[in-house]
2 protein chains.
Amino acid sequence: MNNPTNSDDLSLKLFVVLTRALASIRKRVEEDIKCLGLNPTEFAVLEFIYSKGEQPIQKIGQKVLIASSSITYVVDKLEQKQFIRRKPCPSDRRITHATLTDNGLKLMDEIFPKHKDAMNTIFDGLDNKEKEVMIEQLKKLGYHAEKI
Amino acid sequence: MNNPTNSDDLSLKLFVVLTRALASIRKRVEEDIKCLGLNPTEFAVLEFIYSKGEQPIQKIGQKVLIASSSITYVVDKLEQKQFIRRKPCPSDRRITHATLTDNGLKLMDEIFPKHKDAMNTIFDGLDNKEKEVMIEQLKKLGYHAEKI
DNA sequence: TATAATTATCTCGAATTCGAGATAAAAAGG
DNA sequence: CCTTTTTATCTCGAATTCGAGATAATTATA
């Protein structure tokens, strides 16, 4: 327990535990989503447009952390599934917006509340206070890793 | 700050922060590794064999959390790079072990200490006490998500 | 023992992601 | 106004991962 070599490997161990915990969590989140014929990236894109309204494709990519070539692919898929539509921007012809179709809006109105419930179930291993603490600590970790 | 709607979305927020923090961290870890011509999965496989000695391919897959078809692919790559070698198991002819080559052992002897240093730098946003707390909380989260 | 179930690995095709580079439009600098 | 730089999106090919199913060996069961 208080083995002196322990502190050497705390970072390694934290990395492993972090990776595994998020893998377990993702598995559950994915289960919640894939029965709708969506993968996590597609859901994240819909979620972003749902909360912020129509968005330039490039902004979406930044938000869901994927490369520009990948966001093109995801938007293609969502357009095929009729959940979003591309809409050229009148004031800047480089920009294409993605906007929810009626279909997409109806879908999100229906599934988003359920999704939040599912998330609360998945994260029920911690109480609210613990979640708040972990959010702060993760931000610290993330900021630090970002600016190294 | 103490907005009453806050607690509703704590799980959602924790998921986002968790995802982003790990993404930032992974970017750094990947930088540390890719200059060796390895990707994170390949490194994890080498790390596992390095610490545990030669292992059945299937055990490696379990440890690094990838599907059986993927571990075949990764072991192929590492064999091409001459860092590991396949070795049939004499007592069970279904099993193939993967073992480090001299090359692979030399590589790991050289890079593993450096890797640990890099990890300590990456995780330097938290002190040891905070890391220990986070490890425990993440385990709770992971166990819970696992057994839902 | 013969049959069924399980286990370990592999093959194959599909899905998702990336990076490099193309194209086109807008902005900045002279 | 012309050139250069930046920005937004897309195309293409490669890398990585997965799931379904094949094969072969081992173990369990009738």
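Which side chain does Lys114(A) meet in a salt bridge? I began my notebook with this pair, and I found that Lys114(A) meets the side chain of Glu110(A), with 3.7 Å from N to O. I keep in mind throughout that the model is predicted.

**Entry on the pair in helix α5**

I looked up where the two partners sit, and both Lys114(A) and Glu110(A) belong to helix α5 of chain A, which covers residues 102-122. They are four residues apart, and that is about one turn of the helix. I noted beside this that side chains of opposite charge can pair when their charged atoms come close. I then searched the whole structure for such pairs, and the search gave 20 salt bridges over all chains.

**Entry on the contact of chains A and B**

I next asked myself how many residues each chain brings to the contact between chain A and chain B. The answer is 54 residues from chain A and 54 residues from chain B. The area buried between the two chains comes to about 5,400 Å², and 69% of it lies on carbon and sulfur atoms. I wrote down an area here because the size of an interface is often given as the accessible area lost when the parts come together.

I went on to the charged pairs across this interface, where the rule finds six salt bridges. I looked up the one between Glu130(A) and Lys140(B), whose side chains meet with 2.7 Å from N to O. For polar contacts, I found 18 residue pairs across the interface of chain B and chain A, both residues of a pair being at pLDDT 80 or more.

I then turned to the side of chain B that touches chain A, and listed the elements of chain B that each supply at least two residues to it: α1 (10-34), α3 (57-63), α5 (102-122) and α6 (128-147). Of these, α1(B) provides the largest share, with 19 residues. Sorted by class, this side of chain B holds 23 nonpolar, 13 polar and 18 charged residues.

**Entry on DNA strand D**

Which residues are closest to DNA strand D? I counted 22 residues around this strand, and the closest are Gln58(A), Asn39(B), Thr41(B), Ser69(B) and Ser70(B), so that both chains are named in the list. Of the atoms of DNA strand D that come within 4 Å of the protein, sugar and phosphate account for 70%.

I picked out three polar approaches to look at in turn. Arg86(A) has a polar side-chain atom 2.9 Å from a phosphate oxygen of DNA strand D, while Ala67(B) places a backbone N or O atom 2.9 Å from a phosphate oxygen of the strand. Ser69(B) reaches a base instead, with an N or O atom of its side chain 2.7 Å from a base oxygen of DNA strand D. The elements that give two or more residues to the surface near this strand are α3 (57-63) and α4 (68-80) of chain A, together with α4 (68-80) of chain B. I noted that α4(B) gives the most, with four residues. By class, I recorded eight nonpolar, nine polar and five charged residues on this surface.

**Entry on DNA strand C**

I repeated the search for DNA strand C, which 21 residues surround, and the closest are Asn39(A), Thr41(A), Ser69(A), Ser70(A) and Gln58(B). Sugar or phosphate makes up 70% of the atoms of DNA strand C within 4 Å of the protein, and the rest belong to bases.

Thr41(A) brings a polar side-chain atom to 2.6 Å from a phosphate oxygen of DNA strand C. A backbone N or O atom of Ile57(B) lies 3.2 Å from a phosphate oxygen of this strand, and a polar side-chain atom of Arg94(B) lies 3.2 Å from a base oxygen. Here α4(A) gives the most to the surface near the strand, with four residues.

**Entry on a database record**

Lastly, I checked UniProt, where an unreviewed entry places the feature "domain: HTH marR-type" at residues 11-143 of chain A. In the model this span is 71% helix and 9% strand, and its end C-alpha atoms lie 16 Å apart.

Note on methods. Residues numbered from 1 in each chain as written. Chains lettered and ligands numbered in written order. Heavy atoms only, no water. Polar contact = N/O pair within 3.5 Å; in protein donor to acceptor, adjacent residues only side chain to side chain. Nonpolar A, V, L, I, M, F, W, Y, C, P; charged D, E, K, R; others polar. UniProt positions renumbered as here; feature names shortened; annotations may be inferred. Contact = heavy atoms within 4.5 Å. Buried area = accessible area lost by both parts, 1.4 Å probe. Salt bridge = Lys/Arg side-chain N within 4 Å of Asp/Glu carboxyl O.
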